[in-house]
Amino acid sequence: MSEQPRAINLHYAEAGRGPAVVLVHGFPFSHRIWDAQMMALGRNYHVIAPDLRGFGESAAPEEGYGMDDFAGDIVALLVRLGIDRAVWVGHSMGGYITLAALRRWPSRVRAAAFVATHAHPDTPEKKLQREISADSAMLNGVGDMAFSMMGTIFASEVDRQGAMAQSIYEIMVGATPQAVAGSLRGMAARPDSRPMLAELSIPTLVIAGEDDEMVGAELTGELAELIPGAHYVIIPGAGHMPMVEQPDATTNALRAFLETL
Ligand code: MLT
């Protein structure tokens, strides 16, 4: 196993007993997006939902926002909790982090569920766009980015002024500028994970929101196709945030997968 990079102690929520399941949030959210799954899956599993460094209530170092840094913090948390292996559930950037864990610390990943995520690297245009957004977050704060993401992360029928959407907005504006800028640059630097997928021999699940404007079905479908034996579930009525838009359907897909392990 490779050495862990400068891990920091993460804030995390925890529920239940049984086989370990770690819920990894995407960008720029916090563990709170998984509240419904924590409560439901906590009946049969030991569920751990960390706030990634710089997000939620975790400390925000000036640097260290690469996908390996995030994955290393989670591995360190699992070690601290005495957990050898966990099922990793990664949402969007959390999926990139799960892929980083599979690259660096494969023995820590018993099975993986990828939610609204994919294995491609960024295009040159996307890298440039991320760099501009990173500069803007450092100069002007994270409000503009949170506001513009409100337009794209939910299925069209979701009421942006409703309680669920507003709670996600509050989470996004709570992210620190250094974590937002650092993660944007970290995502831009992530490698192409497609070549490693054929070698994966752990059980995997891919969950897609049917109306996801950010990660379309061509990307989630390809991820499921490239991993031998992956299960693929499409959640109707969900965009990029199936765990909060369709919490029961998302929980049921995760539970059905966990029961196969
Ligand atoms: C996420 O939801 O984690 C991000 O939108 C992923 C990305 O920007 O590639």
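Me: Before we turn to helix α6, what does buried mean here?
Reply: Buried means under 20% relative accessible area, with exposed over 50% and partly exposed in between, using a 1.4 Å probe and protein chains only. The model is predicted: local features need pLDDT of at least 70, side-chain atom pairs count only at pLDDT 80 or more, and totals for chains, interfaces and linings use all residues. Residues are numbered from 1 along each chain as its sequence is written, and side-chain values use heavy atoms, leaving out hydrogens and water.

Me: Which residues of α6 are buried?
Reply: In helix α6, residues 163-173, they are Ala165, Ile168, Ile171 and Met172. They lie on the same side of α6, because their arc around the axis is only 115°, the arc being that of the directions from the helix axis to the C-beta atoms.

Me: And what covers them?
Reply: The cover includes α5 (143-150) and α10 (242-245). Contact means heavy atoms within 4.5 Å.

Me: Stepping back, how many helices and strands are there?
Reply: The protein chain has eleven helices and seven strands; these are DSSP runs numbered from the N terminus, helices being H or I of at least four residues and strands E of at least two.

Me: How much of the chain is buried?
Reply: Of the 261 residues in the protein chain, 55% are buried.

Me: What about contacts along the sequence?
Reply: Counting contacts between residues at least 6 apart in sequence, 79% join residues at least 24 apart.

Me: What box do the C-alpha atoms fill?
Reply: Along the principal axes, the box is roughly 45 × 45 × 35 Å.
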